[in-house]
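Biologist: I am new to this structure and would like a close look at a single part of it. Please take one helix and explain how its residues are placed and what they meet.

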Amino acid sequence: MTLAQNEELASPTSTKKDKKAVIDEVITDALLVQFFSLQPPQGVDAEYHILERAYRGLTAPDFARFVDLFVARGHDLNRKGSQGTMLQVISTHRKGGDYAEALKNAGAH
């Protein structure tokens, strides 16, 4: 390793990504179910937290599958976080259309 490469790794302003994108990972139902074990921070609604983490961690098609599991397990899609329901929050995101559609199709309002 050269000195320049070593300095680049040590630099706090380095723009090199430390993670590689995972492409075409198969998300099984067993993996989706793991979201239900997530514990929320103090003061955050547990159902909202689970839904938000799934939204942030899944592709739109996988999120739609997760929403079906969420509803089938008796969870409430309309629980609120600090900025409203998950549908209200996602609806403000530029790339949230497919995610919002999954919530609407499952009965969120």
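Modeller: What follows is a walk around helix H4 and the parts of the chain that meet its residues.

This is a predicted model, in which local features need pLDDT of at least 70 and side-chain atom pairs count only at pLDDT 80 or more, while totals for chains, interfaces and linings use all residues. Residues are numbered from 1 along each chain as its sequence is written, and side-chain values use heavy atoms, with hydrogens and water left out.

Helices and strands are DSSP runs numbered from the N terminus, helices being H or I with at least four residues and strands being E with at least two. Helix H4 covers residues 60-72, which is 13 residues, and from its first C-alpha to its last the helix reaches 18 Å, close to the 18 Å expected at 1.5 Å a residue; the expected span is 1.5 Å times one less than the number of residues. After H4 comes Gly-74, whose phi is positive, near 85°.

Which residues of H4 are buried? They are Ala-60, Asp-62, Phe-63, Phe-66, Val-67 and Phe-70, where buried means under 20% relative accessible area, exposed over 50%, and partly exposed in between, with a 1.4 Å probe and protein chains only. Seen down the axis of H4, these buried residues fall within an arc of 145°, so they line one face of the helix; the arc is that of the directions from the helix axis to the C-beta atoms. On the other side of H4, the exposed residues are Pro-61, Asp-68 and Ala-72.

The cover over the buried residues of H4 includes helix H2 (29-33), helix H3 (46-57), helix H5 (86-90) and helix H6 (97-105), with contact meaning heavy atoms within 4.5 Å. From H2 comes Leu-32, which at 0% relative accessibility counts as buried. The C-alpha atoms of Leu-32 and Phe-66 are separated by 6.1 Å, although the two residues are 34 residues apart along the chain. Leaving out residues up to four places away in sequence, Leu-32 touches Ile-27, Leu-58, Asp-62, Arg-65, Phe-66 and Leu-69.

Asp-62 deserves its own paragraph. This residue of helix H4 is buried, with a relative accessible area of 13%, and beyond four places in sequence Asp-62 touches Ile-27 and Leu-32. Its side chain is joined to that of Thr-59 by a polar contact of 3.1 Å, a polar contact being a pair of N or O atoms within 3.5 Å; within protein, one must be able to donate a hydrogen and the other to accept it, and residues adjacent in sequence count only if both atoms are side-chain atoms. Asp-62 also forms a salt bridge with Arg-65, the closest N and O atoms being 2.9 Å apart, where a salt bridge is a side-chain nitrogen of Lys or Arg within 4 Å of a carboxyl oxygen of Asp or Glu. Both partners lie in H4, 3 residues apart, about one turn of the helix, and Arg-65 is partly exposed, with a relative accessible area of 29%. Asp-29, Asp-62 and Arg-65 are linked in a network of salt bridges.

Phe-63 and Phe-66 of the buried face also belong to the largest nonpolar core, which has 25 residues; the residues with the most contacts inside this core are Leu-51, Leu-58, Phe-63, Phe-66, Met-86, Ile-90 and Leu-103. The elements that give two or more residues to this core are H3, H4, H5 and H6. A nonpolar core is a set of buried Ala, Val, Leu, Ile, Met, Phe, Trp, Tyr and Cys residues joined through side-chain atoms within 4.5 Å. In soluble globular proteins, nonpolar side chains tend to be buried together.

The last part of the picture concerns Phe-70 and the loop that follows the helix. Glu-47, placed in helix H3, is buried, with a relative accessible area of 14%, and touches Phe-70, Gly-74, His-75, Asp-76 and Arg-79, not counting residues up to four places away in sequence. The side chains of Glu-47 and Arg-79 are joined by a polar contact of 3.0 Å, and Arg-79 also meets the side chain of Asp-45 in a salt bridge of 2.6 Å, N to O. This pair links distant parts of the chain, 34 residues apart, with Arg-79 in the loop between H4 and strand S1 (80-81) and Asp-45 in the loop between H2 and H3.
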